[in-house]
Amino acid sequence: MDNETLTIIDNRTNQTYTIPIYKGTVRAMDLRQIKTNPADFGLMTYDPAFMNTASCQSAITYLDGDAGILRYRGYPIEDLAEKCTFLEVAYLLLNGLLPTSHELELWNCEVMRHTMTHENVKKFMDGFHHDAHPMGVLISTVAALSTFYPDSRNINDPKCRRKQILRLVGKMPTLAAYAYRHRLGLPYVYPDPDLCYTKNYMNMLWKRTEPKYAANPVLARALEVLFILHADHEQNCSTSAMRAVGSSNADPFVTTAAAIAALSGPLHGGANEEVLRMLDGIGSKDKIPEFIEHVKKGERKLMGFGHRVYKNYDPRARIIKQVAEEVFEVTGRNPKIDIALELERIALSDDYFIKRKLYPNVDFYSGIIYQAMGFTPDQFTVLFGIPRTVGWLAQWQEMLQDPDKKIARPRQIYTGSELREFVPITLREHELMASVQV
């Protein structure tokens, strides 16, 4: 449209500029023409933490935080969580379309065929101390896979890329399970390709001496839904790290390791563990009003509420609440859920939280379910990383095929000293001694 432009008047020079509006954005490079003189570098944008900057174009995930909408490739997350398996959603994210029954069967076989790891990977993992955090082990081991698969550097070959994607999607649950069992001093359990993706993971985690581990179907389905909900979430911290590192043409293993590192932070993947600590600190429902008052005074934090993007109820949290009840039918009721439900009820009826648009996010309930299923808190972020690997790889693949792709290189505003005259060390020491004597 002819009127899809922005007129800027530079009050420093009284010069007028017409900037095109592109899909609701202004290209930052279009601002470089705004200068005070020919030697001027030109205008830049300053946006710490990318609060209002689109770093890429993507056709993978649609997120409307104000309306509480999340879609993968156009499909509502509610429909996918109800009707699909995780690998079906993984196929959708990576290929853009839901698979036919034949395509899904082939895809499942291909992924499960790549669940095995080189035997030396186990030796590598044995080198970690027994109490090494599983996320640290996962970061290191995924990066080490780069040395096992040197062909992964050929990122411009679509067939080679697909092979690495299969390797990462297939091996991530295996590595996660090995990290868990290493910490407990238990022998590693090999993948069972006859099982589905989630049941195979549960088998590798919890099999002991029984000839065949049989995962509870309700818990396996709950894990499937949780994996679907965590598969992708637009340009979050770890996905941005995946794209930034991948923009240097690094191989997908070290690039994924960088994304896992970003996920390991408590402000990203570790938030659900913080929710459990908060609920433990509250202790009982009768202490919630007192806790709420502390939150309002800034003395405590309400973990699991609010989100950088969502200014409405996180749609994933609604689904998880329903899944929680199904899980508790099998495991028994986790007493923390009653505290959480009452905390949600009180918070959502309080003007303080309503005005600030603070609603429960996915982390508010996920940790409670994981704990009820038998996962320890140090595994929560690992459980996040397994499905998110699919989203990272979909974003990585899209980035490589983007005609606008360039190596990530943000600008900065320099706040340091102006030109300084170099002073030899003898004079510096002399001046220092003189100042001390004074």
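1. Contact here means heavy atoms within 4.5 Å. With that in hand, take D378 in this predicted model: leaving aside its neighbours within four places in sequence, D378 is in contact with H133, P134 and R183.

2. Where does D378 lie? Look in the loop between α16 (363-373) and α17. Its relative accessible area is 18%, and buried means under 20%, so D378 counts as buried. The side chain of D378 also makes a polar contact, at 2.6 Å, with the side chain of T376.

3. Next, have a look at helix α10, residues 252-263. Its 12 residues, at 1.5 Å a residue, should span 16 Å, and the end C-alpha atoms are indeed 16 Å apart, so the two agree. At the N-terminal end, D251 acts as the cap: one of its side-chain oxygens sits 2.8 Å from the backbone nitrogen of F253.

4. Is α10 mostly covered or mostly uncovered? Mostly covered, with 9 of its 12 residues buried. Among them are P252, F253, I260 and L263. The buried residues of α10 pack against α5 (134-148), α6 (158-184), α9 (237-246) and α17 (380-400).

5. Finally, K122, which you'll find in helix α4 (residues 119-126). Despite being a lysine, K122 is buried, at 15% relative accessibility. Which residues does K122 touch, leaving aside its neighbours within four places in sequence? Three tyrosines: Y178, Y188 and Y190. Within the helix, a polar contact of 3.1 Å joins the side chains of K122 and E119.

6. One more pair to check on screen: K122 and H182 are 60 residues apart in sequence, yet 9.4 Å apart in space, C-alpha to C-alpha.

Conventions: Residues numbered from 1 in each chain as written. Predicted model: local features only at pLDDT ≥ 70, side-chain atom pairs only at ≥ 80, totals over all residues. Heavy atoms only, no water. Helix = DSSP H or I, 4+ residues; strand = E, 2+ residues; numbered from the N terminus. Expected span 1.5 Å × (residues − 1). Buried < 20%, exposed > 50% of the residue type's maximum accessible area, 1.4 Å probe, protein only. Polar contact = N/O pair within 3.5 Å; in protein donor to acceptor, adjacent residues only side chain to side chain.
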